[in-house]
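Student: Could you take me through one part of this model closely? I would like a single helix and its surroundings, told as one connected story.

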Amino acid sequence: MNVVDSLPNSRSLPLLVGNGLSIAVDSSFDYKYLRKEASIDINSILKAHNEYDFEVILEKLEKTQELLKSLKIGSHQTSNELKKKYKEIQQGLIGAINNVHPNLNKIQNNPYFRALGNLSRAFSPVFRSEEHTSELQSP
């Protein structure tokens, strides 16, 4: 019996797929590589925070806005600037992923890719982690 067969009613269970699986399918999804492919200059921000992960920076921007809002610090302009920077970095990450996304011929024989295809049939719905990252809150 495989793991999927052992799940009760797996068709009603959601599956969340994160970047780790993407990296296992193709190493070009690694954040170290993605930052080189980004359409924006993210390197200075990542370096200042000793970070490779775009999503950590996005989360920090989101938390900063929440903190400033709860402390009633900053202006509407500050909030808009944080939102703008968030979108810029988010779009840079999306663009980098699109730039490095392998074609199906390159990955179809990858055992992780085949296993994911088989596994994903057992779950409904299937989400990618970036589908569930929140946007910066409106002021």
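Tutor: Happily; here is a walk around helix α5, from its start to its partners.

First, some ground rules. This is a predicted model, in which local features need pLDDT of at least 70 and side-chain atom pairs count only at pLDDT 80 or more, while totals for chains, interfaces and linings use all residues. Residues are numbered from 1 along each chain as its sequence is written, and side-chain values use heavy atoms, with hydrogens and water left out.

Now the setting. The protein has eight helices and two strands, in the order α-β-α-α-α-α-α-α-α-β along the sequence. Here helices (H or I, at least four residues) and strands (E, at least two) are DSSP runs, numbered from the N terminus. Of the 139 residues, 27% are buried; buried means under 20% relative accessible area, exposed over 50%, and partly exposed in between (1.4 Å probe, protein chains only). Among contacts (heavy atoms within 4.5 Å) between residues at least 6 apart in sequence, 72% join residues at least 24 apart.

Let us start just ahead of the helix. D53 sits in the loop between α4 and α5. At the start of α5, a side-chain oxygen of D53 comes within 2.7 Å of the backbone nitrogen of E55. A polar contact, for reference, is a pair of N or O atoms within 3.5 Å; within protein, one must be able to donate a hydrogen and the other to accept it, and residues adjacent in sequence count only if both atoms are side-chain atoms. Not counting residues up to four places away in sequence, D53 touches Y31 and L46. The C-alpha atoms of D53 and D30 are 8.9 Å apart, although 23 residues separate the two along the chain.

Next, the helix itself. α5 has 17 residues and spans 25 Å from its first C-alpha to its last, close to the 24 Å expected at 1.5 Å a residue; the expected span is 1.5 Å times one less than the number of residues. Its buried residues are F54, I57, L58, L61, E62 and Q65. They lie on the same side of α5, because they cover an arc of only 140 degrees around the axis, the arc being that of the directions from the helix axis to the C-beta atoms. An α-helix has 3.6 residues a turn, so residues three or four places apart point the same way. The cover over the buried residues of α5 includes α3, α4 (43-48) and α6. After the helix comes K72, with a positive phi near 55 degrees.

F54 deserves a closer look. The structure holds one aromatic pair, and Y31 and F54 form it: the pair is tilted, with 6.2 Å centre to centre and 35 degrees between the planes. Rings of Phe, Tyr and Trp (its six-membered ring) pair if their centres lie within 6.5 Å; planes under 30 degrees apart count as stacked, over 60 as edge-to-face and the rest as tilted. Since Y31 lies in helix α3 and F54 in helix α5, the pair ties together parts that are 23 residues apart in sequence. Both Y31 and F54 are buried.

F54 also belongs to a wider group. The largest nonpolar core has 17 residues, and L34, I42, F54 and I89 have the most contacts inside it. Such a core is a set of buried Ala, Val, Leu, Ile, Met, Phe, Trp, Tyr and Cys residues joined through side-chain atoms within 4.5 Å. Two or more of its residues come from each of α3 (31-37), α5 (54-70) and α6 (76-100), and α6 gives the largest share, six residues. Leaving aside neighbours within four places in sequence, L34 is in contact with S28, F29, F54, L93, A96, I97 and V100.

That brings us to the partner helix. α6 has 25 residues and reaches 36 Å from its first C-alpha to its last, close to the expected 36 Å. At its start, a side-chain oxygen of S75 reaches to within 3.2 Å of the backbone nitrogen of Q77. The buried residues of α6, including S79, L82 and Y86, pack against α3, α4 and α5.

Finally, a polar link between the two helices. Q65, in helix α5, counts as buried at 7% relative accessibility. Its side chain makes a polar contact of 2.6 Å with the side chain of S79.
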